[in-house]
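Student: I should like to understand how the terms used for a protein model are justified. May we look at one together?

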Amino acid sequence: MNEKNQNDIPLLNKGFHDINPVLCGWQDCHSGHSFGPAIRQYYLIHYVLDGKGIFERQGIVYSPGKGSMFLIRPHESTFYKADIENPWSYIWIGFNGARAGELIEGSGFDKSPVVYSPSSAFIFKNMISASKMGQSAEIYLCGLIFELFARLKEENDVNTRTAQIYARRAESYIQSNYMYDISVAGIAKMLGIDRRYLYRLFVEYTGMSPQNYILKCRLRKAAEMLSRYDCTVGEAARSCGYKDMFNFSNMFKKEYGISPTEYKRKFFRQETGD
């Protein structure tokens, strides 16, 4: 652990039942300042006011920057380090209590230990004011912790609804345009979002990747054409975006266990009663 310039607010552990603040402070980190790997006995949130660094948890390295916060849970080993060229400045709040876990659910921290919330900056800046509040400091911080999670839950609800809208639009677009040469990158560009973001939210919404969804949608439509509309294999393939008949036959057999020709012979006769 490197030498640091740390500002701590002296708090009493009052043992509040629901939410109990145990420490609070702020720091303008030196270049490369690090802490850990270490384990905490309470929840600890750092809010990055400026600069950047890395946060490592369970072997995954995150890169929180300005406007982000990262959560350390009790009894988990974590490591964090300020950037060499642009070290971060942050404010932290540590707390425990019977409702701590309940507050975290639905806040965004239940999905990732790093949450981006620029609008929460003022809450953390207000926490510093606890240093001037004497015996009421702990009660004041309790209120700010509740306010923080109220804001995070509201933002998370909005983000979740927005993500679902994007996923539904992507799904609808695929269902209407499966016969064309569509791609995940093209759909993301049309929606005005990052390709990686589309991939993640689409998997959350449908349970499969966009590319796999496109594949299954095309093959399902092809199977429908073969079984209900007496299309030839070539017509079904071309109508579902396949130019290579060999590739189409391979993908179809992998999905349905039989070739397109066998599928038509078996199921079209059943549909027509021949």
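Student: Why does Gln-58 count as exposed?

Tutor: Please note that this is a predicted model. Gln-58 has a relative accessibility of 61%, and exposed means over 50%, so Gln-58 counts as exposed. Gln-58 lies in the loop between β5 (53–57) and β6 (60–62).

Student: What makes the phi of Gln-58 worth a remark?

Tutor: Most residues other than glycine have a negative phi. Gln-58 is not a glycine, yet its phi is positive, near 50°.

Student: Why is Asp-230 called partly exposed?

Tutor: The relative accessible area of Asp-230 is 42%. Partly exposed covers values between under 20%, which is buried, and over 50%, which is exposed; therefore Asp-230 is partly exposed. Asp-230 sits in the loop between α6 and α7 (233–239), and its phi is also positive, about 55°.

Student: Which residues of helix α4 are buried, and how do you know that they line one face of the helix?

Tutor: In α4 (residues 184–191), the residues Val-184, Ile-187, Ala-188 and Leu-191 are buried. Viewed down the axis of α4, the buried residues fall within an arc of 100°, so they line one face of the helix. They pack against α3 (137–177), α5 (195–206) and α6 (210–228).

Student: What makes the peptide bond from Gly-36 to Pro-37 cis?

Tutor: Omega is near 0° for the bond from Gly-36 to Pro-37, and this bond is cis. Most peptide bonds are trans. Pro-37 belongs to strand β3 (residues 34–39).

Terms used: Residues are numbered from 1 along each chain as its sequence is written. This is a predicted model: local features need pLDDT of at least 70, side-chain atom pairs count only at pLDDT 80 or more; totals for chains, interfaces and linings use all residues. Side-chain values use heavy atoms; hydrogens and water are left out. Buried means under 20% relative accessible area, exposed over 50%, partly exposed in between (1.4 Å probe, protein chains only). Helices (H or I, at least four residues) and strands (E, at least two) are DSSP runs, numbered from the N terminus. The arc is that of the directions from the helix axis to the C-beta atoms. Contact means heavy atoms within 4.5 Å.
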